[in-house]
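Hello,

Here is the structure I promised to pass on to you. Please have a look at it first, and then read my notes below.

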Amino acid sequence: MAGNRKHYSTTALWAAHDHESPERDVAMPIHHSVTFAYQDMDEWFDVAVGKKPGHIYSRNTNPTVRALELTMRALDGAEESISFSTGMAAISNTLFTLLSPGDRVVAIKDTYGGTNKIFLEFLPANDVDVAFCDTLDFEGIEKEMARGCKVLYLETPTNPVLKVVDIQRLAKAAQDQGAIVIVDNTFATPVNQMPLELGAHLVVYSATKYLNGHSDAMGGILSGPKTLVDRVFHYREINGATLHANSAYMILRGLKTLELRIQRHNENAQRVAEFLKQHDKVESVYYPGLPDHPNYDIAKRQMRGFGGMLSFALKGDFDQVKKLLPKMKYAHSAASLGSVSTLVGPPRVTSHVELTMAERSAMGIPESLVRYSAGVENGDDLIADLEQALARI
Ligand SMILES: *Cc1c(COP(=O)(O)O)cnc(C)c1O
C-alpha cells in the first residue's frame, strides 16, 4: 500500500499496482479469461488449495477483479475486501451468510429500497426475525439490541432525506451484545466517512454509485476483517454473484479520481443546498452540511465531507415537481446517484414509488420532494440552471 491510506488519491492509484507485472502495464489489463492454464500439476494443486497465489476460475477470482478488491481494501483501511456483481448482491450475500434461522437482526427503517425488501420479505421467509427501528431513535435501537441481536444493520446518510446515524454510539452498544455491525457507506464513500474506524465490523457499497462514478458499470463491495469477509466470499463463489472483469476495470478507473470527484460533489452540494435554502419557491432543504440540519453535529463529527446528495421540497404539490424537472438543462431526470453528471428524481416516482401517500408522509417524505445528486459540473452553472428553472414554475 502506498503511503498513508488517508491520502486517497495516492492509495487509489497505487494500492494494486505491481511494478513486476510481466508486460509492464501501467493501466490494469482486463483479464477476460474465464480460466487459467497450468503445466505443472503440483503448482495447479497449490493454487487451487490456496497455498500459492494465483487464479483458477473467474467465478472465484480474477486478476482484474482482485486489483479492484485490493484497492478498496486499502481505501477502507480493512483487512480484506471482496466484490460482487451489484450492490444488492453485496448486501444480500453478506446478510444470508451471517444470518441463520432463529437469528435476530436489528435494522433502521430508512434503508435502501432493495435492502428493505430483504428485511421485509426474504429474511423472514428464512425464519430470521427482523426488528425495524426509527432511524434516529438511537435509544430505541439500543433497547431493541438488548432483546437479542446477531446483526445491526445501518446506512448513513439515508435516502432521501439525509438522516445521519451515529455509527460510533450504536457500534459501541452492539459490541456489548456481541452483534456484528454492518454499515452501507454508498452515499458517503471512504473519502467522506470511514465506518470501520468508527467501530463498524463490515462496510458495504453499491459501487454502481460514487465508486465507479460514471453511471456505466454496476458492482458491489464488502470490506472488513478477513475471518468475516472470507465467509461471505465462500457464499459468493458458490452462489455466483461475481463481478465481471470489465466492470472491475471501469470501477478501478473511477476510483482513480474518487477523491477529486468527491471534493467537487461536496462543494457543489453545499452551494446548491445553500442556494435552495434561501429560495422563496422552496419549502425545505435536507443536507447534513447545513447547520440547521437536525444531525449536523453528528455529521460534523463522523464525516470528513457532507457528501453530494441533498433533497428539497417545493412549495405546493407534486405538479410543481412535474413542471420543474423538465426545465433543468444540467440534470438528468433519472434514478440512481453518484454520477459525474447531476441526477434528479422525485422519491414519489423512484425509490418510494410503491408506497402510498400516507406511508410516504409517515416516513417524513413530502410529496413535492426532489432528490438531487450534485454532479461535478461547474457549480455556478448548476445554480444558474436551478435559478432559471425555478423562475419558470
Ligand atoms: C443503489 C444502492 C444500493 C444497491 O446497489 P445496486 O448496485 O443498485 O445493486 C444499495 N444501497 C444504497 C445506499 C444504494 O444507493
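To begin with, what percentage of the 393 residues of the chain count as buried? The answer is 54%. Please keep in mind that this is a predicted model.

**Overall build**

The chain has 15 helices and 12 strands. Its radius of gyration is 21 Å, which agrees with the value near 21 Å for a compact globule of 393 residues. The C-alpha trace spans about 75 × 50 × 35 Å along its principal axes. Among contacts with a separation of 6 or more, 73% come from residues 24 or more positions apart.

**The nonpolar core**

The largest nonpolar core has 56 residues. Within that core, the residues that touch the most other members are I141, L152, L276, F312, L324, M328 and Y372. I followed one of them, L324, a little further: leaving aside neighbours within four places in sequence, L324 is in contact with F312, L314, A389, L390 and I393.

**Helix α6**

I141 also brings us to helix α6, which covers residues 138-146 and has F138, I141, E144 and M145 buried. Seen down the axis of α6, these buried residues fall within an arc of 120 degrees, so they line one face of the helix. You may like to note that E144 is in this buried set. The face turned away from the buried side carries E139, K143 and A146, which are exposed.

What lies over the buried residues of α6? The cover includes the strands β2 (104-108), β3 (129-133) and β4 (151-155), together with the helices α7 (167-177) and α12 (296-302). Just after α6, G148 takes a positive phi of about 120 degrees.

**Aromatic rings**

A search of the whole structure finds four aromatic pairs. One of these is Y38 with W44, a stacked pair at 6.2 Å centre to centre with 10 degrees between the planes. Y38 is buried, at a relative accessible area of 15%, whereas W44 is partly exposed, at 38%.

Elsewhere, ring pairs link F119, F132 and Y153 into a cluster. F132 falls in β3 (129-133) and Y153 in β4 (151-155), both among the elements that cover the buried residues of α6.

There is also a charge over a ring: the charged end of R348 sits over the ring of F318, 4.2 Å from its centre.

I hope you enjoy looking through it!

Best wishes

Notes:
Residues numbered from 1 in each chain as written. Predicted model: local features only at pLDDT ≥ 70, side-chain atom pairs only at ≥ 80, totals over all residues. Heavy atoms only, no water. Phe/Tyr/Trp six-rings, centres within 6.5 Å; stacked < 30°, edge-to-face > 60°. Buried < 20%, exposed > 50% of the residue type's maximum accessible area, 1.4 Å probe, protein only. Lys NZ or Arg CZ within 6 Å of the ring centre and 35° of its normal. Core = buried A, V, L, I, M, F, W, Y, C linked by side-chain atoms within 4.5 Å. Contact = heavy atoms within 4.5 Å. Helix = DSSP H or I, 4+ residues; strand = E, 2+ residues; numbered from the N terminus. Arc of directions from axis to C-beta. Rg over C-alpha atoms; globule rule 2.2 N^0.38 Å.
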